[in-house]
Every structure is written in structure tokens, then in C-alpha cells.
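This report describes a single protein chain, beginning with one of its helices and moving on to individual residues and the chain as a whole.

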Amino acid sequence: MLSYSEIVMAFDFVSSGEEGDNHAWICRDSGEIVYFSEVLGLDERRGQDIHSPNCVAVPHRNDLELGRELVFDFIDEELPDKYASIRDIYADPEDPEGRFRELLQARGVLDRWNDYKAGRIRSSLMTWCQARGIECSGE
């Protein structure tokens with residue numbers, strides 16, 4: 001059985017780059033997580049049949065709607081008056097996440113954002129694991 005922290009580490013690895021840059025697979029039979037990144041020169045696939053039905057690709061945050069969708073869900077709930085400002089921030093490719101965090105810090109809601117994000121990620125990953133028969137402890 002994998003711990004939640006192991007699964008979120010794999011999820012963070014996959015989500016740390018653009019979709020397709022980093023990959024991780026959970027091997028249900030062995031309980032191992034296998035990592036691969038051509039960008040980083042990391043390849044743990046040796047000896048692992050990642051195409052086996054027992055290996056499941058860990059999703060990217062966008063696969064679980066935990067990218068921009070999550071940002072706008074939070075804004076809808078917490079700062080609806082800032083929706084247009086956030087939309088403009090994300091329309092400009094120059095560090096939108098940094099500017100978003102700066103705005104949250106200035107409004108005094110950065111901790112609420114961090115808690116909201118962590119809760120949604122946890123809920124989504126636990127649902128994802130359950131749907132794929134991956135046992136996960138809540139740690």
C-alpha cells in the first residue's frame with residue numbers, strides 16, 4: 001500500500017513541467033512508483049513493464065482539472081470581484097502563477113488558497129486512486 005505522500009510526490013513530479021515532460025507510473029502489484037523524465041535525464045523504467053495492466057500512469061494536474069480550473073474555482077468562491085483581474089493575469093504568459101500568488105498575498109488570502117488547493121488535490125487524488133484500485137493510506 002502506498003502512502004498519500006508517495007502518491008502526491010509522484011503527482012507533483014508529473015505536474016512540475018508541461019504535460020508530457022515528466023512521467024510516473026504506479027505499479028499496483030509491486031507498490032513501486034517508476035519515474036521518467038527525458039528533460040531531467042531520469043529513467044527508472046528498466047526492468048519495469050509500464051505498459052502492463054498493473055501499471056497506471058500518474059496524471060498531470062491538468063488531467064484532474066487542478067490547473068487553471070482550480071484557480072478560477074477558488075476565485076469564484078473567495079474573491080469574485082477579482083475574477084477579471086485573475087483572468088488578465090492568466091492571459092499573459094509571463095509568470096501568471098507568481099503574480100496570482102502576489103495578489104493573494106496582498107489580499108491576505110494566500111493561506112486560504114494553499115489550504116483550498118491542498119484539499120482539492122487530496123480529494124482528487126484519493127478519488128483517482130480508488131477508481132483505479134490503488135490502495136492508498138491517508139498519510
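## Helix H2 and its surroundings

In this predicted model, helix H2 contains the buried residues Leu70, Val71, Phe72, Phe74 and Ile75. The cover over these buried residues includes helix H3 (83-91), helix H4 (96-107) and helix H5 (110-131).

The loop that runs between strand S5 (55-57) and helix H2 (68-78) holds His60. Is His60 buried or exposed? With a relative accessible area of 4%, His60 is buried, because this value is under the 20% limit. When neighbours within four places in sequence are set aside, the contacts of His60 are Phe11, Val14, Ser15, Gly17, Glu18 and Glu19.

## Two residues of helix H4

Helix H4, which is among the elements covering the buried residues of H2, contains Glu102 and also Arg107. The table sets out the accessibility of these two residues.

| Residue | Relative accessibility | Class |
|---|---|---|
| Glu102 | 55% | exposed |
| Arg107 | 36% | partly exposed |

Why does Glu102 count as exposed? Glu102 is placed in that class because its relative accessibility of 55% is over the 50% limit. Arg107, at 36%, is partly exposed because its value falls between the 20% and 50% limits.

Glu102 also belongs to a patch of negative charge on the surface, where it gathers with Glu94, Asp95 and Glu97. For Arg107, the contacts outside the stretch of up to four places away in sequence are Leu79, Asp81 and Lys82. One of these residues, Leu79, is 28 residues from Arg107 along the chain, and the C-alpha atoms of the two are separated by 9.2 Å.

## The chain as a whole

Five helices and six strands make up the elements of the chain. Read from the N terminus, their order is β-α-β-β-β-β-α-α-α-α-β. The C-alpha trace spans about 50 × 30 × 20 Å along its principal axes.

Of the 139 residues in the chain, 41% are buried. Among contacts with a separation of 6 or more, 59% are between residues 24 or more positions apart. The chain exposes about 8200 Å², of which carbon and sulfur atoms supply 45%.

How many positive and negative side chains does the chain have? There are 15 positive and 29 negative side chains, and the centres of these two sets lie 4 Å apart.

How values were computed
Residues are numbered from 1 along each chain as its sequence is written. This is a predicted model: local features need pLDDT of at least 70, side-chain atom pairs count only at pLDDT 80 or more; totals for chains, interfaces and linings use all residues. Side-chain values use heavy atoms; hydrogens and water are left out. Helices (H or I, at least four residues) and strands (E, at least two) are DSSP runs, numbered from the N terminus. Buried means under 20% relative accessible area, exposed over 50%, partly exposed in between (1.4 Å probe, protein chains only). Contact means heavy atoms within 4.5 Å. Patches are made of residues with over 30% relative accessible area and no salt bridge: like charges are joined within 9 Å, nonpolar side chains (Val, Leu, Ile, Met, Phe, Trp, Tyr) within 5 Å. Accessible areas come from the Shrake-Rupley method with a 1.4 Å probe; for residues, only the protein chains shown count as cover. A salt bridge is a side-chain nitrogen of Lys or Arg within 4 Å of a carboxyl oxygen of Asp or Glu. Lys and Arg count as positive and Asp and Glu as negative; His and the chain ends are not counted. The place of a charge is taken as NZ of Lys, CZ of Arg, CG of Asp or CD of Glu.
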